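Colleague: I am new to this structure and would be grateful for a close look at one part of it, the salt bridges. Which residues do they join, and are those residues buried or exposed?

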Amino acid sequence: MKKETDFIKQRRQKIDALKESGYALFPNNFEVEHTVKQIQAAIPESDDAPSKTFVTAGRIIAINRFGKSSFIRFRDTTGQMQAYIQKNKVGNDAYALFKQMDVGDFIGISGPIFKTKTGEWTVLCDQIKLLTKSLRSLPEKFHGIKDPEKRYRQRYLDLIMNQNTRNIFLTRSQIIQNIRDFLLDRQFLEVETPMMQPIAGGAEAAPFKTHHNALDMTLYLRIAPELYLKRLVVGGFDRVFEINRNFRNEGVSTRHNPEFTMLEFYQAYATYTHLMDLTEQMFQFVAQQVLGTLSFEYQGETIDFSGSWKRMTLMDSLVEIAGLNPQVLNDRDALISIANENNIKMKQDRKIGKIVTKLFDALVEPKLIQPTFITAYPVEVSPLSRKNDLNPELTDRFELFIGGREIANGFSELNDPDDQRERFLAQVKERESGDAEAHPMDEDYVEALEYGLPPTAGEGIGIDRLVMLLTNSDSIREVILFPHMKNKSGN
């Protein structure tokens, strides 16, 4: 700690000396005309061809001084480049100022480019200006920041030092933009719905609770935008989507963050099978645009997005993948015994639909590496899904699994208001019996259905998990810029 304190003291002394000499340490009058990427794109074909003057800026990440000349390496958002500063080129005053600059400072430079003896194109500075003087030293460049906790808490340092981190978030932005382009190209309307809601609906999850003073009412940070998006379909917007945050008051893990990003979209006059087709096309489009391939590595596995993806019912998956005997799938006691044998915690009063879903989560989901749609979920775990016409105990619903985890959830929407009311009432009973995540009654939403929701299908896709997949990241914290963490004190 003393070493860092001494270092900061030395930098403060430099700052004080520069102030006394009349230098502006934080000017805001330098106009950047070129990025590093633009400079590199303008490199002439011939080494001795004349170069135009470039005006650029960035952070110094390395300095190599040789008395009356120096090489520096600087970086902006688009990349990094070398610059060469000579005393007789920039002048005595500018070079004296440069000698007070450190790694971490922001500079503005101008000049042509030339090729060094080592073959590297370099800016030959005819002007150099200090734009921001840094007070703290950057981490040691060869090792960067390895400690995950430090990287997450001080993401700005992680971004400065680790190219892989920067690449992840650049890719994240590309993924979201390509999803947006894909949907807009298919006549979907992008909308925004409330983040604070009087009823936490649209999913089974524990919400964050707050209070609005002026209205004197309890509000909840939304766990899903679903019920508001479907109100818009009632209102006549046949294709809508939203990419935004959801909040669920749940544990933190490599797969879960209490604040996360979801894509939800709804299409009138479509079924859940249409959305499975659309999801295949969307994922294939995004992967091709971002990675340039439909086959890529994820945590030691090769994931293949090409062709038509596998589809199977939840019950079939328990037989084919988990190895259960088909005869036990309707035997509640036998299913509970299987859960106990596999150390799967299960409430004794659970209905069969919830039991088989819990068994699926433990025994099947981790084995679904290649893209797989699981269909025909029980009604008990699908309070907003349309019942299947042939088997009303099941719903027209799917979940998509890739890399051993759920990526998307979609279904044909329940648009019968009487059925929806009965489902909500059943969920209310679940809440009264101790299930805090059961869906609450939403009378306003039922009333909206009474005005008529056309046949509709909807889907939610976890953006963070999709980014994990396409960036080969093993933790959700790697793909969220500022993940939630405990205070350093542990409180």
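**Salt bridges in the predicted model**

Modeller: Let us begin with Arg11, which counts as buried because its relative accessibility is 5%, under the 20% limit for that class. This holds for a predicted model. The side chain of Arg11 meets that of Asp102 in a salt bridge, with N and O 3.6 Å apart. Arg11 belongs to helix α1 (residues 2-20), whereas Asp102 sits in the loop between α4 (92-98) and β4 (106-111), so the contact ties together parts that are 91 residues apart in sequence. Asp102 likewise counts as buried, at 12% relative accessibility. These two residues also belong to a network of salt bridges that links Arg11, Lys14, Asp102, Asp105 and Lys133.

A second pair is formed by Glu413 and Lys230, whose closest N and O atoms are 2.6 Å apart. Glu413 lies in the loop between β19 (405-412) and α13 (417-432) and Lys230 in helix α8 (residues 226-234), so this bridge ties together parts 183 residues apart in sequence. Both Glu413 and Lys230 are buried.

A third pair joins Asp396 to Arg386, with 3.2 Å between the closest N and O atoms. Both partners are placed in the loop between β17 (372-375) and β18 (397-402), ten residues apart. Asp396 is buried, with a relative accessible area of 8%, while Arg386 is partly exposed, at 29%.

These pairs are examples from a structure that holds 30 salt bridges.

Definitions and conventions. Residues numbered from 1 in each chain as written. Predicted model: local features only at pLDDT ≥ 70, side-chain atom pairs only at ≥ 80, totals over all residues. Heavy atoms only, no water. Salt bridge = Lys/Arg side-chain N within 4 Å of Asp/Glu carboxyl O. Helix = DSSP H or I, 4+ residues; strand = E, 2+ residues; numbered from the N terminus. Buried < 20%, exposed > 50% of the residue type's maximum accessible area, 1.4 Å probe, protein only.
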